[in-house]
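I opened this notebook page to keep track of what I looked up, step by step, with the sequence and the coordinates side by side.

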Amino acid sequence: MIRQPDFISPGMLDEVRPDVRERSGSAVDEAVLETFNEGLSAQVLRVGPYSEEAPTIQLLHGFIEESGYRPRGDHHEMYLGDPRRTKPENLKTSLRHPVEPK
């Protein structure tokens, strides 16, 4: 769920897959390029353990409400670090929720 430049193609992804697999493991085999047109969204970057995301999600929902919107659909969590190599207190997660006017 991380935005890629428009010029990135599936062929380019396949080209780098072997190098990434060698350095970081087979999870790269699950990577795909997809287009999402969710429209307007609210997003926040949080730092800390995954298990403590709930207060940040509540904060995000409060911001959405105060801004005259309501959540639409499910929120997305984009994990921006490797939990095998990063201390829990340093893990970064981008939390995004599509919104619509009230």
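What volume does the largest pocket have? I keep in mind throughout that this is a predicted model. For the largest pocket I read off a volume of about 1400 Å³. I then looked up its lining, which counts 32 residues, and noted that the closest to the centre of the pocket are Met1, Ile2, Gln4, Ala31 and Val32.

Entry on the lining. I asked which elements supply at least two residues each, and found α1, residues 10-24, and β3, residues 76-79. The largest share is that of α1, which gives four residues to the lining. Sorted by class, the lining of this pocket holds 18 nonpolar residues, nine charged ones and five polar ones.

Entry on the start of the chain. Both Met1 and Ile2 sit in the segment before α1, and both are among the residues closest to the centre of the largest pocket. I looked up the accessibility of Met1 and found a relative accessible area of 41%, so I wrote this residue down as partly exposed. I also checked Met1 against Glu77: the two are 76 residues apart in sequence, while their C-alpha atoms lie 8.0 Å apart in space. Ile2 turned up again when I went through the surface, where Ile2, Leu45 and Leu80 form a nonpolar patch whose accessible area together is about 290 Å².

Entry on salt bridges. How many salt bridges does a search of the whole structure find? The search gives seven, and I followed several of them residue by residue.

I began with Asp6 and Arg3, whose side chains meet in a salt bridge with 3.3 Å from N to O. Asp6 has a relative accessible area of 70% and is therefore exposed, and Arg3, at 61% relative accessibility, also counts as exposed.

Next I took the pair Arg17 and Asp14, in which the closest N and O atoms are 3.2 Å apart. Why are these two separated by about one helical turn? I noted that they are three residues apart in helix α1, and that this spacing is why about one turn lies between them. Is Arg17 buried or exposed? Arg17 counts as buried, because its relative accessibility is 12% and the cut-off for buried is under 20%. Its partner Asp14, at 48% relative accessibility, counts as partly exposed.

The third pair I looked up was Asp29 with Arg21, a salt bridge in which the closest N and O atoms are 2.6 Å apart. Asp29 is partly exposed at 40% relative accessibility, and Arg21 is likewise partly exposed, with a relative accessible area of 33%. I then searched for bridges that share partners, and found that they join Asp82, Arg84 and Arg85 into one network.

Entry on distances along the chain and in space. I placed Gly68 in the loop between α2, residues 54-66, and β2, residues 69-71. Its relative accessible area is 34%, so I recorded Gly68 as partly exposed. Gly68 and Lys102 are 34 residues apart in sequence, and I found 6.1 Å between their C-alpha atoms.

As a further check I turned to Glu65, which lies in helix α2 and is partly exposed, with a relative accessible area of 44%. How are the C-alpha atoms of Glu65 and Pro10 placed in space, given that these residues are 55 residues apart along the chain? I found a separation of 38 Å between the two C-alpha atoms.

Conventions
Residues numbered from 1 in each chain as written. Predicted model: local features only at pLDDT ≥ 70, side-chain atom pairs only at ≥ 80, totals over all residues. Heavy atoms only, no water. 1 Å grid on protein atoms, 1.4 Å probe; cavity = no way out; pocket = protein on both sides within 12 Å on 5 of 7 lines; lining within 4 Å. Points joined across faces, edges and corners; volume = space filled by probe spheres on them. Nonpolar A, V, L, I, M, F, W, Y, C, P; charged D, E, K, R; others polar. Salt bridge = Lys/Arg side-chain N within 4 Å of Asp/Glu carboxyl O. Buried < 20%, exposed > 50% of the residue type's maximum accessible area, 1.4 Å probe, protein only. Patch = residues over 30% accessible without salt bridge, like charges linked within 9 Å, V, L, I, M, F, W, Y side chains within 5 Å. Areas by Shrake-Rupley, 256 points an atom, 1.4 Å probe, with all protein chains shown as cover.
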